[in-house]
Amino acid sequence: VILYLENVRVTQDDTGVCATLTDPDDRATNRVYLPVAGLSCLLLGTGTSATQPAMATCARHNTTVLWTGAGGVRLYSGAQPSDLTTTWIEHQARAWADDDQRLAVAARMYEKRFGTPVPQGTSLNSLRGLEGQRMKALYRALADRHKIRGFRRNYDPANWDQQNPVNQALSAANTALYGTVHSALLALGCSPALGFIHSGKQHSFVYDIADLYKADHTIPLAFS
């Protein structure tokens, strides 16, 4: 069970963990007790705060706590319980640390995304190049279908208002997808940093997994 909260204060009292909300108009306080023992993941969105005793109780009940943006769209940080299984991260680390296995996983990801096998002997750098070519072709095809002339994929957070609506939609949709994937990876106990195609960033594996779904979900949505 996953629970999302916003604009509340999460505290611990003699009864359990609760979320309190004070109405600014009549100053009435509403308190709702959280079924922490039955939660696998608690997402704390905008306007939330939490006390140390409440978070300690979540940890004792093996509840993953994630700090997110509005609606759970972005993930800023997360706390994993100490009893969370290491099965997933052990499999991930073994495959990531072995060059042959890492390339094999990257090739399977490519095949899942594009439906075509990777040529024998293709290196990881070459695979990244093939991926880039396929994505550029996809953008061109969608731009032609929707009669968007001269489209070029670009993301510049410093000049957000200067970008065309399609690039804004792509960036916003992908950010939402990254948050969802990041939350799922942390809840499973995987490392977001150990990517197979992407590397060098704390979110490398997030980008790997998110890329498996972009062509079917966020990209067509942004162009439509």
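Reply: Helices here are DSSP runs (H or I, at least four residues; strands are E, at least two), numbered from the N terminus. One such helix, α4, is followed by Lys147, whose phi is positive, near 55°. The model is a predicted one, in which local features need pLDDT of at least 70 and side-chain atom pairs count only at pLDDT 80 or more, while totals for chains, interfaces and linings use all residues. Residues are numbered from 1 along each chain as its sequence is written, and side-chain values use heavy atoms, with hydrogens and water left out.

Me: Which residues of α4 are buried, and where do they lie around the axis?

Reply: An α-helix has 3.6 residues a turn, so residues three or four places apart point the same way. In α4 the buried residues (under 20% relative accessible area with a 1.4 Å probe, protein chains only; exposed is over 50%, partly exposed in between) are Leu124, Leu127, Glu131, Met135, Tyr139, Leu142 and Ala143. They lie on the same side of α4, because they cover an arc, taken from the directions from the helix axis to the C-beta atoms, of only 145°. Gln133, Lys136, Arg140 and Asp144 are exposed on the face turned away from that buried side.

Me: How many aromatic pairs does the whole structure hold?

Reply: A pair of aromatic rings is described by the distance of the centres and the angle of the planes. The search finds six pairs, counting rings of Phe, Tyr and Trp (its six-membered ring) with centres within 6.5 Å, where planes under 30 degrees apart are stacked, over 60 edge-to-face and the rest tilted. Phe151 and Phe223 form an edge-to-face pair, 5.2 Å centre to centre with 70° between the planes. Phe151 sits in the loop between α4 and α5, and Phe223 in helix α7, 72 residues apart. Both are buried, and ring pairs join them with Tyr139 in a cluster.
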